[in-house]
Amino acid sequence: MPALEVNPDLQKERNTATFDPHEFSVYWAGGEDRYKEKKALEKLFLEDPALKDDLPTSYMSHKELYENSLRKACLIGEKIRKLRADGEDGVDTYNALLGGSLGAALLKEGNPLSLHYVMFVPTIMGQGTMDQQVEWLPKAWDCEIIGTYAQTELGHGTFLRGLETRADYDASTQEFVINTPSRSAYKWWPGGLGHTANHAVVVAQLYTKGEFRGLAPFIVQLRDLETHQPMKGIDIGDIGTKLGMKGVNNGYLGLKNVRVPLNNMLMKNQQVLPDGTYVAPKNSVLTYGTMMFVRCALIRDTAYSLSKASTIATRYSAVRRQSPIDPNQPEPQIMDHTTQQLKLFPQIAKAIVFKTTGDSIWSMYNVLSGEIELGNLNRLPEMHALSCCLKAICSADATAGVETCRLSCGGHGYMDCSNFPTIYGMTTAVCTYEGENTVMLLQTARYLVKVYGQALNGEQLVPTVAYINEAIKLQEFVNFDGSLESIVKAFQFVAANKVRVAYEQLEVRRKQGHGVEVSANLSGPFLTSAADLHGRAFLAQSAYTELTQVAKHVSPALADVLKVVLELYLVDACLNRIGDFLRFINLTDKDVTNLETRLESCLNRLRPNAVALVDSFDLHDRVLDSALGAYDGNVYERIFESTKKNPLNKEPVNAAFHKYLKPFMKANL
């Protein structure tokens, strides 16, 4: 499509913005150096014609889509190899290509090699001994072998103790014999497993000397390195089409008497000696490492999803004109409708908050990883609990936000060329993988009720739950003045009381004679609600701390906009949980009315800078891949242009007319 002039309505929005979008783009990228690296990566990958699709993926068959995805994944892999050779393959490069916006631009439906980098390699690094890392990592980094991570089964997912895959140690040969004893034991869902990977980290129930030892990870060769044929005892394939992530090549795996050497069990945390003696891990929570790493990364991924969706919807809302507000005036931009602003602007704010919080959590994870290496596990349970609930909340909110943005674009948002269907499919998947969201909240809640009991006994809690100590002392929240700091404190007080209620519900069930597990099941709604509020209190605190700090180091013009973003996020978050606030805090009708008035004020104040803000996300048109959200704003031209790529329109009369429709029409003549 030839270059077009920018839509005048969109250009007007940019001309009247009160801040410099480039300044925010640099901050969003992580600083000037990372911004330049981002631009260099985009030039290297997005300008390569071999990585462009002439035919939209929605018109490809499942087989064609996989083959095209693997072709491009290998081209990307070759470029990564070159970057590694030049010493330019930092963590940000892998984040951008495997989980970030750049990767989504290159492989719209996901990368069949992503789990190799995101799970296979990190698992070897986190759970392999030094000798095992020396043996396996060079081959994995150079892609001499391609791996995946096989944990989830057809019959079991998040409940790991229920996994059926079994590994029995044979001391006579110093091998493990691995089996999936039933159909439900088949490994199901691992990315790249279907037809791409030739190795996998297989998680199985370990037995030595006839005794059950718990879960253990094993490196298993799945396919011959030359012919790619499945190895003896391996039953493997692709699980089929899905709602989204259609190019990831998710697979199934059955194992029948598959033997792997003793040293193929990753033994950094637990060991099996040649005679079958089992050496238990010093701490069972050490196995949280890889999952926690991925969940921390996913928080930032949800921010990218929201940034894409809100960019498309906001630009479209600046171009689309409909439904006069004043019957005597022309049709306005639909972004002038307050109801449209209420759909869009909170999603922009959430994208920014989730990104800043994700960066903060990533830093916390890196500090914790260093502490773990030194044997300090004190804050591991805290970090596990936090990463679980934030993964659940951010993915759920991002999924809902993407759908809200789609709905805000009316019928055009339903078209594939809007890219909302793909963005939604990729985002909602995060609600399930790496821990189903309800289970994640329950894991957080288990930690919360435990520390609540400690607080009742007078113990001082770690920083992210220290607000519980304060709430127990206060008993009652006073002086809610509507300030941002007051809203944050109120969130913490409400969260503490939700934890209290969950704790008390468990105690009631126990006194009724129920065991721990049954009590937890009966109290499930209270537990998940407590974990949800804990995570939202953390997001509120993080938003306030991080954005207030950022505002001190940017231009006054950008600082003013970020202050509105912060206020919008906190006020909207408060009103979305107003029932809980009213339950635990003596808010008056006037207090709630003031919050609603402030929400309207935030929308009004953000309106002049909405387009500039989403421009600041600095999303290349290839990343957005949307007729509705392109930088030039020529929505209708691009929608019509998309129809020219439709294979049905390549001929004026489809063969089905002569084969079916014409005979049907003539049947009674």
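This section describes salt bridges in a predicted model. The structure holds 36 of them. Three pairs are described here, followed by one network.

Side chains of opposite charge can pair when their charged atoms come close. In the pair Glu42 and Lys39, the closest N and O atoms lie 3.8 Å apart. That separation is within the 4 Å cut-off, so the contact counts as a salt bridge. Both residues belong to helix α3, which spans residues 32-46. They are three residues apart, about one helical turn. Glu42 is buried, at 9% relative accessibility. Lys39 is partly exposed, with a relative accessible area of 31%.

A second pair sits in helix α4 (residues 62-85). Here Glu67 bridges to Lys63, and the closest N and O atoms are 2.8 Å apart. Four residues separate the partners, again about one turn of the helix. Glu67 is partly exposed at 41% relative accessibility. Lys63 has a relative accessible area of 57%; that value is over 50%, so Lys63 counts as exposed.

The pair Lys187 and Glu153 links distant parts of the chain. Its closest N and O atoms are 3.1 Å apart. Lys187 lies in strand β4 (residues 187-188). Glu153 lies in the loop between β1 (147-150) and β2 (166-170). The two residues are 34 positions apart along the chain. Lys187 is buried, with a relative accessible area of 0%. Glu153 is also buried, with 3%.

Shared partners also create a network. Salt bridges of this kind join Lys38, Lys39, Glu42 and Asp618. The Glu42 and Lys39 pair of helix α3 thus has both of its members in that network.

How values were computed: Residues numbered from 1 in each chain as written. Predicted model: local features only at pLDDT ≥ 70, side-chain atom pairs only at ≥ 80, totals over all residues. Heavy atoms only, no water. Salt bridge = Lys/Arg side-chain N within 4 Å of Asp/Glu carboxyl O. Buried < 20%, exposed > 50% of the residue type's maximum accessible area, 1.4 Å probe, protein only.
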